[in-house]
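Okay, thanks for making the time, everyone. I'll put the structure up and then walk you through a few places in it that I'd like you to look at.

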Amino acid sequence: MDISVQSRPQKADANVILLVEEDALEKGLKAVFAPEFGKTFVKPSGNEFRADILAGLGKAKEATKEKIRRAASLAVLEAKKIKADSCVLHSRSCGKLSEEDFASAAMEGFILGDYAFDKYRTDEKIHVKKLALGCSSKSERRIKNLARRTKTICDNVAFARDTINDNADRMNPEAIAVLAGKVAKESGLKIRVLGKKEMEKLGMNLILAVGRGSQYEPKLVILEHKGNPRSNETTAIVGKGITFDSGGINLKPTGFIETMRDDKSGAIAVLATIKTLAELGSKANVMAVMPLAENIVGSRAYKPGDVFRAYNGKTVEINTTDAEGRLVLADAISFIEKEYRPKAIIDLATLTGACLVCFGEYVAALLSNDEKLAGKIFEAGQKTYERVWQLPLYDEYREEIKGETSDLKNLAYNNGKYAGVITGAAFIGSFVEKTPWAHLDIAGVSWYEKDRFHIKKGATGWGVRMLVEMLEGF
Ligand code: BES
Ligand code: ZN
Ligand code: ZN
(Lines give C-alpha, C1' and ligand atoms only; values in the text may rest on other atoms or scores of the structure.)
(Ligands and ions follow the chains in the order given, each with its own letter.)
Protein backbone atom coordinates (compact mmCIF):
# COMPACT_ATOMS: atom_id res chain seq x y z
CA MET A 1 0.00 0.00 0.00
CA ASP A 2 1.26 3.40 -0.98
CA ILE A 3 1.06 5.98 1.83
CA SER A 4 1.12 9.75 1.39
CA VAL A 5 0.71 12.55 3.91
CA GLN A 6 -0.86 15.94 3.10
CA SER A 7 -2.35 18.79 5.05
CA ARG A 8 -4.95 19.28 2.26
CA PRO A 9 -7.64 16.71 1.48
CA GLN A 10 -7.49 15.00 -1.90
CA LYS A 11 -9.56 13.02 -4.31
CA ALA A 12 -9.99 9.35 -3.50
CA ASP A 13 -12.56 6.59 -3.81
CA ALA A 14 -13.46 6.62 -0.14
CA ASN A 15 -13.27 8.99 2.77
CA VAL A 16 -12.52 7.09 5.98
CA ILE A 17 -13.64 8.69 9.21
CA LEU A 18 -12.76 7.20 12.57
CA LEU A 19 -15.53 8.76 14.55
CA VAL A 20 -15.90 9.49 18.27
CA GLU A 21 -19.28 9.96 19.91
CA GLU A 22 -18.73 13.63 20.71
CA ASP A 23 -18.12 14.43 17.01
CA ALA A 24 -21.15 12.51 15.83
CA LEU A 25 -23.33 14.63 18.09
CA GLU A 26 -21.75 17.83 16.84
CA LYS A 27 -22.16 16.87 13.19
CA GLY A 28 -25.72 15.68 13.71
CA LEU A 29 -24.69 12.19 12.59
CA LYS A 30 -25.99 10.44 15.66
CA ALA A 31 -29.40 9.80 14.06
CA VAL A 32 -27.88 7.68 11.25
CA PHE A 33 -24.87 6.20 13.04
CA ALA A 34 -24.06 5.86 16.71
CA PRO A 35 -20.26 5.45 16.61
CA GLU A 36 -19.85 2.77 19.23
CA PHE A 37 -16.45 1.12 19.12
CA GLY A 38 -16.52 -1.78 16.65
CA LYS A 39 -19.39 -0.46 14.49
CA THR A 40 -19.01 0.66 10.87
CA PHE A 41 -21.30 2.49 8.47
CA VAL A 42 -20.86 3.10 4.72
CA LYS A 43 -22.84 5.80 2.92
CA PRO A 44 -22.63 7.64 -0.40
CA SER A 45 -20.56 10.73 0.02
CA GLY A 46 -22.08 14.13 -0.66
CA ASN A 47 -18.82 15.44 -2.15
CA GLU A 48 -15.82 14.31 -4.19
CA PHE A 49 -15.68 10.79 -2.76
CA ARG A 50 -17.58 7.72 -3.90
CA ALA A 51 -18.34 6.76 -0.31
CA ASP A 52 -17.87 7.77 3.29
CA ILE A 53 -16.71 4.92 5.52
CA LEU A 54 -17.44 5.62 9.17
CA ALA A 55 -15.89 3.47 11.89
CA GLY A 56 -16.83 4.03 15.51
CA LEU A 57 -14.26 4.73 18.21
CA GLY A 58 -16.61 5.22 21.17
CA LYS A 59 -15.89 8.07 23.58
CA ALA A 60 -12.84 10.25 22.81
CA LYS A 61 -11.63 10.14 26.39
CA GLU A 62 -11.60 6.34 26.33
CA ALA A 63 -9.68 6.11 23.04
CA THR A 64 -6.51 3.99 22.97
CA LYS A 65 -4.03 3.27 20.19
CA GLU A 66 -5.28 -0.30 19.98
CA LYS A 67 -8.91 0.84 19.56
CA ILE A 68 -7.75 3.08 16.71
CA ARG A 69 -5.82 0.21 15.08
CA ARG A 70 -8.92 -1.97 15.33
CA ALA A 71 -11.35 0.65 14.04
CA ALA A 72 -9.01 1.34 11.10
CA SER A 73 -8.83 -2.40 10.36
CA LEU A 74 -12.65 -2.57 10.22
CA ALA A 75 -12.69 0.47 7.93
CA VAL A 76 -10.23 -1.11 5.49
CA LEU A 77 -12.45 -4.20 5.27
CA GLU A 78 -15.36 -1.95 4.26
CA ALA A 79 -13.13 -0.23 1.71
CA LYS A 80 -12.25 -3.62 0.23
CA LYS A 81 -15.93 -4.61 0.08
CA ILE A 82 -16.73 -1.60 -2.12
CA LYS A 83 -13.48 -2.09 -4.07
CA ALA A 84 -12.09 1.31 -3.16
CA ASP A 85 -8.57 1.56 -4.61
CA SER A 86 -7.74 4.72 -2.72
CA CYS A 87 -8.77 6.13 0.66
CA VAL A 88 -8.33 9.36 2.57
CA LEU A 89 -8.08 9.31 6.36
CA HIS A 90 -7.74 12.42 8.53
CA SER A 91 -5.57 12.32 11.58
CA ARG A 92 -6.53 14.24 14.73
CA SER A 93 -5.80 14.36 18.40
CA CYS A 94 -8.26 12.28 20.37
CA GLY A 95 -8.73 12.30 24.16
CA LYS A 96 -5.28 11.66 25.63
CA LEU A 97 -3.81 10.73 22.27
CA SER A 98 -1.83 13.18 20.16
CA GLU A 99 -2.29 13.59 16.43
CA GLU A 100 0.92 11.56 15.95
CA ASP A 101 -0.36 8.70 18.14
CA PHE A 102 -3.62 8.70 16.21
CA ALA A 103 -1.86 8.75 12.83
CA SER A 104 0.57 5.91 13.55
CA ALA A 105 -2.14 3.69 15.09
CA ALA A 106 -4.56 4.36 12.22
CA MET A 107 -1.90 3.55 9.62
CA GLU A 108 -0.95 0.33 11.43
CA GLY A 109 -4.55 -0.83 11.62
CA PHE A 110 -5.18 0.12 8.01
CA ILE A 111 -2.07 -1.48 6.47
CA LEU A 112 -2.06 -4.63 8.62
CA GLY A 113 -5.85 -4.93 8.31
CA ASP A 114 -5.50 -5.04 4.51
CA TYR A 115 -3.20 -8.08 4.74
CA ALA A 116 -4.34 -11.40 3.35
CA PHE A 117 -2.30 -14.48 2.54
CA ASP A 118 -3.74 -14.80 -0.94
CA LYS A 119 -0.83 -15.82 -3.14
CA TYR A 120 -2.35 -19.26 -3.68
CA ARG A 121 -5.84 -17.94 -4.47
CA THR A 122 -6.77 -17.73 -8.12
CA ASP A 123 -9.85 -15.52 -7.72
CA GLU A 124 -9.71 -11.72 -7.77
CA LYS A 125 -7.44 -10.21 -5.11
CA ILE A 126 -8.81 -7.00 -3.67
CA HIS A 127 -6.56 -4.59 -1.78
CA VAL A 128 -6.57 -0.88 -1.06
CA LYS A 129 -3.67 0.50 -3.09
CA LYS A 130 -3.37 4.03 -1.74
CA LEU A 131 -3.89 5.71 1.59
CA ALA A 132 -3.66 9.51 1.79
CA LEU A 133 -3.33 10.63 5.37
CA GLY A 134 -4.58 14.11 6.11
CA CYS A 135 -3.06 16.06 9.01
CA SER A 136 -2.67 19.57 10.41
CA SER A 137 0.03 21.61 8.67
CA LYS A 138 1.95 22.02 11.93
CA SER A 139 2.32 18.21 12.26
CA GLU A 140 2.93 17.52 8.59
CA ARG A 141 6.69 17.00 8.78
CA ARG A 142 6.56 14.79 11.84
CA ILE A 143 3.69 12.72 10.48
CA LYS A 144 5.53 12.27 7.17
CA ASN A 145 8.45 10.72 9.05
CA LEU A 146 6.07 8.64 11.12
CA ALA A 147 4.34 7.39 7.95
CA ARG A 148 7.64 6.19 6.47
CA ARG A 149 8.50 4.44 9.71
CA THR A 150 5.08 2.86 10.18
CA LYS A 151 4.95 1.64 6.58
CA THR A 152 8.41 0.07 6.89
CA ILE A 153 7.44 -1.73 10.10
CA CYS A 154 4.06 -2.93 8.76
CA ASP A 155 5.53 -4.12 5.45
CA ASN A 156 7.98 -6.22 7.44
CA VAL A 157 5.20 -7.66 9.59
CA ALA A 158 3.55 -8.68 6.30
CA PHE A 159 6.89 -10.13 5.11
CA ALA A 160 7.02 -12.23 8.31
CA ARG A 161 3.40 -13.38 7.86
CA ASP A 162 3.98 -14.32 4.21
CA THR A 163 7.17 -16.25 5.02
CA ILE A 164 5.56 -18.21 7.85
CA ASN A 165 2.27 -18.88 6.03
CA ASP A 166 3.95 -20.30 2.92
CA ASN A 167 4.49 -24.03 2.34
CA ALA A 168 6.97 -25.66 4.71
CA ASP A 169 8.88 -27.26 1.85
CA ARG A 170 9.31 -23.92 0.15
CA MET A 171 10.54 -22.34 3.38
CA ASN A 172 12.93 -25.11 4.38
CA PRO A 173 16.14 -24.41 6.37
CA GLU A 174 18.30 -24.07 3.25
CA ALA A 175 15.76 -21.78 1.54
CA ILE A 176 15.47 -19.55 4.60
CA ALA A 177 19.26 -19.24 4.75
CA VAL A 178 19.17 -18.12 1.10
CA LEU A 179 16.33 -15.69 1.90
CA ALA A 180 18.38 -14.27 4.79
CA GLY A 181 21.28 -13.79 2.34
CA LYS A 182 19.01 -11.81 0.04
CA VAL A 183 17.77 -9.70 2.95
CA ALA A 184 21.37 -9.09 4.08
CA LYS A 185 22.41 -7.96 0.60
CA GLU A 186 19.43 -5.67 0.08
CA SER A 187 19.44 -4.14 3.57
CA GLY A 188 23.19 -3.94 4.13
CA LEU A 189 23.52 -6.47 6.93
CA LYS A 190 26.56 -8.60 7.73
CA ILE A 191 25.76 -12.32 7.43
CA ARG A 192 27.37 -15.59 8.49
CA VAL A 193 25.83 -18.95 7.65
CA LEU A 194 27.04 -22.13 9.34
CA GLY A 195 26.14 -25.34 7.49
CA LYS A 196 26.28 -28.97 8.57
CA LYS A 197 30.06 -29.27 8.15
CA GLU A 198 30.86 -26.16 10.20
CA MET A 199 28.42 -27.18 12.92
CA GLU A 200 29.99 -30.64 13.06
CA LYS A 201 33.42 -29.08 13.56
CA LEU A 202 32.07 -26.79 16.28
CA GLY A 203 30.23 -29.63 18.04
CA MET A 204 26.71 -28.24 17.74
CA ASN A 205 25.31 -31.72 18.10
CA LEU A 206 21.88 -30.65 19.36
CA ILE A 207 21.01 -28.64 16.23
CA LEU A 208 22.48 -31.44 14.11
CA ALA A 209 20.45 -34.11 15.94
CA VAL A 210 17.15 -32.26 15.46
CA GLY A 211 17.82 -31.77 11.73
CA ARG A 212 19.14 -35.28 11.06
CA GLY A 213 15.95 -36.82 9.65
CA SER A 214 15.48 -34.11 7.05
CA GLN A 215 16.49 -33.97 3.40
CA TYR A 216 17.46 -30.34 4.11
CA GLU A 217 20.67 -29.40 5.95
CA PRO A 218 20.23 -27.55 9.23
CA LYS A 219 21.71 -24.05 9.23
CA LEU A 220 22.73 -21.46 11.78
CA VAL A 221 22.30 -17.95 10.35
CA ILE A 222 23.76 -14.87 12.06
CA LEU A 223 22.88 -11.38 10.81
CA GLU A 224 24.39 -8.18 12.20
CA HIS A 225 23.17 -4.59 12.08
CA LYS A 226 25.69 -2.07 13.35
CA GLY A 227 23.71 1.16 13.74
CA ASN A 228 26.28 2.66 16.09
CA PRO A 229 29.81 1.81 14.88
CA ARG A 230 31.36 3.63 17.85
CA SER A 231 29.99 1.06 20.28
CA ASN A 232 30.98 -2.58 20.54
CA GLU A 233 27.87 -3.49 22.48
CA THR A 234 25.20 -5.49 20.72
CA THR A 235 21.95 -7.21 21.64
CA ALA A 236 21.30 -10.71 20.30
CA ILE A 237 17.78 -11.72 19.30
CA VAL A 238 17.55 -15.46 18.74
CA GLY A 239 14.56 -17.18 17.11
CA LYS A 240 13.53 -20.83 17.06
CA GLY A 241 13.55 -21.85 13.40
CA ILE A 242 11.93 -25.26 13.07
CA THR A 243 10.62 -25.03 9.52
CA PHE A 244 8.23 -27.91 10.17
CA ASP A 245 7.70 -29.67 13.50
CA SER A 246 6.25 -33.10 12.84
CA GLY A 247 7.30 -34.10 16.36
CA GLY A 248 9.92 -36.42 14.85
CA ILE A 249 9.81 -40.10 15.90
CA ASN A 250 7.42 -38.94 18.65
CA LEU A 251 5.09 -37.99 15.81
CA LYS A 252 2.38 -35.43 16.50
CA PRO A 253 -1.19 -36.68 15.99
CA THR A 254 -3.90 -35.18 13.76
CA GLY A 255 -5.19 -32.00 15.35
CA PHE A 256 -1.73 -30.91 16.47
CA ILE A 257 0.41 -31.19 13.35
CA GLU A 258 -1.51 -29.14 10.75
CA THR A 259 -0.10 -25.71 11.59
CA MET A 260 3.43 -26.75 12.46
CA ARG A 261 5.01 -24.72 9.68
CA ASP A 262 4.53 -21.88 12.19
CA ASP A 263 7.32 -23.38 14.33
CA LYS A 264 9.76 -21.01 12.63
CA SER A 265 7.87 -17.93 13.82
CA GLY A 266 10.63 -16.94 16.25
CA ALA A 267 13.34 -17.10 13.57
CA ILE A 268 11.28 -15.17 11.05
CA ALA A 269 10.37 -12.55 13.68
CA VAL A 270 14.06 -11.85 14.38
CA LEU A 271 14.83 -11.78 10.64
CA ALA A 272 12.01 -9.29 9.98
CA THR A 273 13.06 -7.22 12.99
CA ILE A 274 16.70 -6.77 11.95
CA LYS A 275 15.54 -6.10 8.36
CA THR A 276 13.26 -3.35 9.70
CA LEU A 277 16.03 -1.81 11.83
CA ALA A 278 18.35 -1.72 8.82
CA GLU A 279 15.69 -0.15 6.60
CA LEU A 280 14.92 2.47 9.25
CA GLY A 281 18.61 3.30 9.58
CA SER A 282 18.31 2.57 13.29
CA LYS A 283 21.18 3.54 15.63
CA ALA A 284 20.84 0.26 17.55
CA ASN A 285 23.43 -2.53 17.40
CA VAL A 286 21.60 -5.81 17.01
CA MET A 287 22.35 -9.35 15.86
CA ALA A 288 19.67 -11.78 14.72
CA VAL A 289 20.36 -15.48 15.17
CA MET A 290 18.36 -18.24 13.50
CA PRO A 291 18.97 -21.92 14.26
CA LEU A 292 17.12 -23.57 11.37
CA ALA A 293 16.18 -27.24 11.14
CA GLU A 294 13.29 -29.42 10.05
CA ASN A 295 12.03 -31.87 12.70
CA ILE A 296 10.83 -34.75 10.57
CA VAL A 297 10.60 -38.55 10.65
CA GLY A 298 12.95 -40.66 8.55
CA SER A 299 15.39 -43.53 8.87
CA ARG A 300 18.13 -41.15 9.96
CA ALA A 301 16.03 -39.18 12.45
CA TYR A 302 17.24 -38.80 16.05
CA LYS A 303 15.53 -41.05 18.56
CA PRO A 304 14.07 -40.99 22.06
CA GLY A 305 16.66 -42.30 24.52
CA ASP A 306 19.64 -40.92 22.56
CA VAL A 307 22.16 -38.77 24.43
CA PHE A 308 23.98 -35.91 22.67
CA ARG A 309 26.80 -33.57 23.67
CA ALA A 310 25.85 -29.91 23.24
CA TYR A 311 28.15 -27.17 21.93
CA ASN A 312 28.95 -26.13 25.53
CA GLY A 313 29.96 -29.69 26.49
CA LYS A 314 26.87 -30.60 28.52
CA THR A 315 25.14 -33.87 27.67
CA VAL A 316 21.40 -34.07 27.03
CA GLU A 317 19.10 -37.08 27.03
CA ILE A 318 16.29 -36.97 24.48
CA ASN A 319 13.13 -38.13 26.24
CA THR A 320 10.97 -36.96 23.37
CA THR A 321 11.96 -35.81 19.89
CA ASP A 322 9.07 -33.32 20.05
CA ALA A 323 10.83 -31.08 22.61
CA GLU A 324 13.25 -29.97 19.87
CA GLY A 325 13.03 -26.17 20.14
CA ARG A 326 14.97 -26.01 23.40
CA LEU A 327 17.71 -28.15 21.79
CA VAL A 328 18.38 -25.90 18.80
CA LEU A 329 18.17 -22.80 21.00
CA ALA A 330 20.62 -24.26 23.54
CA ASP A 331 23.37 -24.66 20.93
CA ALA A 332 22.66 -21.32 19.24
CA ILE A 333 22.59 -19.34 22.50
CA SER A 334 25.72 -20.86 24.06
CA PHE A 335 27.61 -20.31 20.79
CA ILE A 336 26.51 -16.67 20.52
CA GLU A 337 27.29 -15.93 24.17
CA LYS A 338 30.79 -17.41 23.87
CA GLU A 339 31.76 -16.05 20.44
CA TYR A 340 30.02 -12.65 20.34
CA ARG A 341 29.56 -11.65 24.02
CA PRO A 342 26.33 -9.67 23.49
CA LYS A 343 25.13 -7.35 26.28
CA ALA A 344 21.77 -9.16 26.33
CA ILE A 345 20.12 -12.17 24.70
CA ILE A 346 16.41 -12.32 23.91
CA ASP A 347 15.02 -15.54 22.45
CA LEU A 348 11.63 -16.01 20.80
CA ALA A 349 10.26 -19.51 20.43
CA THR A 350 7.03 -21.33 19.69
CA LEU A 351 8.21 -23.61 22.47
CA THR A 352 5.27 -25.23 24.23
CA GLY A 353 1.62 -26.14 23.87
CA ALA A 354 1.49 -25.40 27.60
CA CYS A 355 1.82 -21.71 26.75
CA LEU A 356 -1.46 -21.90 24.81
CA VAL A 357 -3.10 -23.65 27.76
CA CYS A 358 -1.96 -20.80 30.01
CA PHE A 359 -2.43 -17.65 27.91
CA GLY A 360 -4.44 -18.62 24.82
CA GLU A 361 -3.56 -16.57 21.77
CA TYR A 362 -3.43 -13.22 23.57
CA VAL A 363 -0.20 -13.04 25.57
CA ALA A 364 3.37 -14.33 25.24
CA ALA A 365 5.12 -15.82 28.27
CA LEU A 366 8.22 -13.93 29.45
CA LEU A 367 10.90 -15.54 31.59
CA SER A 368 14.18 -13.87 32.44
CA ASN A 369 17.27 -13.83 34.64
CA ASP A 370 17.30 -10.02 34.60
CA GLU A 371 14.47 -7.83 35.90
CA LYS A 372 15.63 -4.72 34.05
CA LEU A 373 15.62 -6.49 30.69
CA ALA A 374 12.24 -8.08 31.47
CA GLY A 375 10.86 -4.62 32.34
CA LYS A 376 11.97 -3.16 28.99
CA ILE A 377 10.28 -5.97 27.09
CA PHE A 378 7.11 -5.60 29.15
CA GLU A 379 6.95 -1.84 28.41
CA ALA A 380 7.50 -2.29 24.68
CA GLY A 381 4.75 -4.92 24.70
CA GLN A 382 2.31 -2.51 26.34
CA LYS A 383 3.06 0.19 23.77
CA THR A 384 2.60 -2.03 20.72
CA TYR A 385 -0.09 -4.24 22.25
CA GLU A 386 2.11 -7.29 21.63
CA ARG A 387 1.78 -8.07 25.27
CA VAL A 388 3.88 -10.32 27.49
CA TRP A 389 3.43 -11.61 31.03
CA GLN A 390 6.24 -12.78 33.27
CA LEU A 391 6.42 -16.20 34.93
CA PRO A 392 8.94 -17.17 37.65
CA LEU A 393 12.16 -19.06 37.02
CA TYR A 394 12.80 -20.33 40.54
CA ASP A 395 15.71 -22.70 41.22
CA GLU A 396 13.34 -25.60 41.94
CA TYR A 397 12.43 -25.74 38.25
CA ARG A 398 16.07 -26.14 37.27
CA GLU A 399 16.22 -29.27 39.44
CA GLU A 400 13.47 -30.79 37.31
CA ILE A 401 15.51 -30.79 34.09
CA LYS A 402 18.56 -32.57 35.54
CA GLY A 403 19.21 -35.93 33.87
CA GLU A 404 19.99 -39.37 35.28
CA THR A 405 22.44 -40.81 32.75
CA SER A 406 23.17 -37.36 31.29
CA ASP A 407 23.62 -33.82 32.63
CA LEU A 408 20.22 -32.66 31.39
CA LYS A 409 17.06 -34.11 29.88
CA ASN A 410 14.68 -32.45 27.48
CA LEU A 411 11.50 -33.43 29.30
CA ALA A 412 10.87 -32.49 32.91
CA TYR A 413 8.59 -32.99 35.82
CA ASN A 414 5.92 -35.69 35.54
CA ASN A 415 6.71 -36.42 31.86
CA GLY A 416 6.41 -32.78 30.91
CA LYS A 417 2.88 -32.44 32.27
CA TYR A 418 3.67 -29.83 34.94
CA ALA A 419 4.90 -26.25 34.39
CA GLY A 420 5.76 -26.87 30.76
CA VAL A 421 6.42 -23.21 29.91
CA ILE A 422 8.75 -22.75 32.88
CA THR A 423 10.71 -25.99 32.58
CA GLY A 424 11.20 -25.27 28.86
CA ALA A 425 12.62 -21.87 29.74
CA ALA A 426 14.73 -23.38 32.54
CA PHE A 427 16.31 -25.77 30.03
CA ILE A 428 17.26 -22.92 27.69
CA GLY A 429 18.41 -20.76 30.63
CA SER A 430 20.83 -23.45 31.77
CA PHE A 431 22.81 -22.77 28.57
CA VAL A 432 23.25 -19.07 29.42
CA GLU A 433 26.33 -18.45 31.57
CA LYS A 434 26.19 -14.85 32.72
CA THR A 435 24.48 -12.65 30.12
CA PRO A 436 21.15 -10.92 30.86
CA TRP A 437 18.68 -13.13 29.04
CA ALA A 438 14.96 -13.19 28.37
CA HIS A 439 12.88 -15.95 26.81
CA LEU A 440 9.55 -15.36 25.09
CA ASP A 441 7.31 -18.37 24.53
CA ILE A 442 5.26 -17.26 21.52
CA ALA A 443 3.43 -20.55 20.83
CA GLY A 444 0.04 -18.89 21.45
CA VAL A 445 0.49 -15.47 19.87
CA SER A 446 2.30 -16.49 16.68
CA TRP A 447 -0.72 -18.13 15.01
CA TYR A 448 -4.42 -17.18 15.07
CA GLU A 449 -7.27 -19.61 14.50
CA LYS A 450 -9.45 -16.74 13.24
CA ASP A 451 -9.23 -13.12 12.08
CA ARG A 452 -9.07 -10.56 14.89
CA PHE A 453 -9.14 -7.00 13.55
CA HIS A 454 -5.69 -6.19 12.05
CA ILE A 455 -4.32 -9.61 12.98
CA LYS A 456 -5.45 -12.23 10.51
CA LYS A 457 -5.99 -15.97 10.69
CA GLY A 458 -2.71 -17.85 10.32
CA ALA A 459 0.71 -16.35 10.97
CA THR A 460 0.48 -13.10 12.95
CA GLY A 461 4.03 -11.77 12.57
CA TRP A 462 4.08 -11.32 16.34
CA GLY A 463 7.15 -9.69 17.88
CA VAL A 464 8.39 -7.48 15.04
CA ARG A 465 6.62 -4.33 16.27
CA MET A 466 7.48 -5.02 19.92
CA LEU A 467 11.16 -5.80 19.25
CA VAL A 468 11.70 -2.72 17.07
CA GLU A 469 10.15 -0.58 19.81
CA MET A 470 12.22 -2.24 22.52
CA LEU A 471 15.60 -2.38 20.74
CA GLU A 472 15.48 1.24 19.61
CA GLY A 473 15.13 2.33 23.23
CA PHE A 474 17.64 -0.11 24.74
N1 BES B 1 6.40 -26.59 18.46
C2 BES B 1 5.89 -27.24 19.59
C3 BES B 1 5.07 -26.33 20.49
C4 BES B 1 3.81 -25.72 19.91
C5 BES B 1 2.58 -26.29 20.20
C6 BES B 1 3.86 -24.57 19.15
C7 BES B 1 1.44 -25.72 19.68
C8 BES B 1 2.72 -24.00 18.63
C9 BES B 1 1.49 -24.58 18.91
C10 BES B 1 7.03 -27.80 20.43
O11 BES B 1 8.17 -28.19 19.76
C12 BES B 1 6.50 -29.01 21.16
O13 BES B 1 6.13 -29.94 20.51
N14 BES B 1 6.49 -28.94 22.48
C15 BES B 1 6.05 -29.98 23.30
C16 BES B 1 6.94 -30.01 24.51
C17 BES B 1 6.71 -31.15 25.44
C18 BES B 1 6.97 -32.46 24.74
C19 BES B 1 7.59 -30.96 26.62
C20 BES B 1 4.61 -29.73 23.71
O21 BES B 1 4.24 -28.57 23.96
O22 BES B 1 3.83 -30.67 23.75
ZN1 ZN C 1 8.01 -30.20 19.00
ZN1 ZN D 1 8.49 -27.18 17.98
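**A walk through the pocket and the zinc sites**

Let's begin with the largest pocket, which has 38 residues lining it; K252, F256, T352, G353 and A354 are the ones nearest its centre. If you're wondering which elements give two or more residues to that lining, they are helix 9 (325-340), helix 10 (353-359), helix 13 (413-416) and helix 14 (420-429). Helix 10 has the largest share, with four residues. The volume comes out at about 980 Å³. As for what sort of residues you meet there, the lining splits into 13 nonpolar, 13 polar and twelve charged. I should say right away that this is a predicted model, so please keep that in mind for the rest of the talk.

Now, the metals. Let me take the zinc ion that is ligand 2. What are its protein donors? They are D245 through OD, D322 through both O and OD, and E324 through OE, and they sit 2.0 to 2.2 Å from the zinc ion. Along the sequence, those donor residues follow the spacing D-x76-D-x1-E. Why is the arrangement around the zinc ion (ligand 2) irregular? The angles subtended by the six donor atoms run from 72 to 169°, and that is what makes the arrangement irregular. To call six donors octahedral, you'd want opposite donors over 155 degrees apart and all others between 65 and 115.

Next door is the zinc ion that is ligand 3. Its coordination comes from K240 (NZ), D245 (OD), D263 (OD) and E324 (OE), at 2.0 to 2.4 Å. Here the site has six donor atoms with angles of 78 to 174°, and it is octahedral. The spacing of the donor residues in sequence is K-x4-D-x17-D-x60-E. D245 and D263 link distant parts of the chain: D245 is in strand 10 (residues 241-245), D263 is in the loop between strand 10 and helix 8, and they are 18 residues apart.

You'll have heard D245 come up for both metals. D245 bridges the zinc ion (ligand 2) and the zinc ion (ligand 3), and the two ions lie 3.2 Å apart.

So, are these donors buried or exposed? D245 is buried, because its relative accessibility is 3% and the cut-off for buried is under 20%. D263 is buried too, at 2%, and E324 is buried at 1%. D322 is partly exposed, with a relative accessible area of 24%.

One more thing on E324. Where is it? Look in the loop between strand 13 (315-317) and helix 9. If you want a sense of scale, try R8: its C-alpha atom is 55 Å from that of E324, and the two residues are 316 apart along the chain.

Okay, from the open space to the closed one. How many cavities of 30 Å³ or more does a search of the whole structure find? Just one. The space in the largest cavity is about 40 Å³. Around it you'll find A160, I164, S265, A269, S446, T460, G461 and W462. Helix 4 (140-165) and helix 8 (265-280) are the elements that give two or more residues to this lining. By class, the cavity lining has four nonpolar residues, four polar and no charged.

Further along is helix 15 (residues 464-472). Seven of its nine residues are buried, so helix 15 is largely enclosed by the rest of the structure. The buried ones are V464, R465, M466, L467, V468, M470 and L471.

There's a lysine I'd like you to find as well. K80 is in helix 2 (residues 65-81). It counts as buried, because its relative accessibility is 16% and buried means under 20%. Where does the K80 side chain go? It reaches the backbone oxygen of D114, at 2.8 Å.

Last stop, the backbone. Most residues other than glycine have a negative phi. K83 has a positive one, about 55°, and it isn't a glycine. You'll find K83 in the loop between helix 2 and strand 5 (86-90), where it is partly exposed at 44%. A419 also has a positive phi, near 50°. A419 sits in the loop between helix 13 and helix 14 and is partly exposed, with 31% relative accessibility.

That's my tour, so over to you for questions.

Key. Residues numbered from 1 in each chain as written. Chains lettered and ligands numbered in written order. Predicted model: local features only at pLDDT ≥ 70, side-chain atom pairs only at ≥ 80, totals over all residues. Heavy atoms only, no water. 1 Å grid on protein atoms, 1.4 Å probe; cavity = no way out; pocket = protein on both sides within 12 Å on 5 of 7 lines; lining within 4 Å. Points joined across faces, edges and corners; volume = space filled by probe spheres on them. Nonpolar A, V, L, I, M, F, W, Y, C, P; charged D, E, K, R; others polar. Donors = N, O, S within 2.8 Å, 3.2 Å for Na, K, Ca; no water. Tetrahedral: all angles 85-135°; square planar, octahedral: opposite > 155°, others 65-115°. Buried < 20%, exposed > 50% of the residue type's maximum accessible area, 1.4 Å probe, protein only. Polar contact = N/O pair within 3.5 Å; in protein donor to acceptor, adjacent residues only side chain to side chain.
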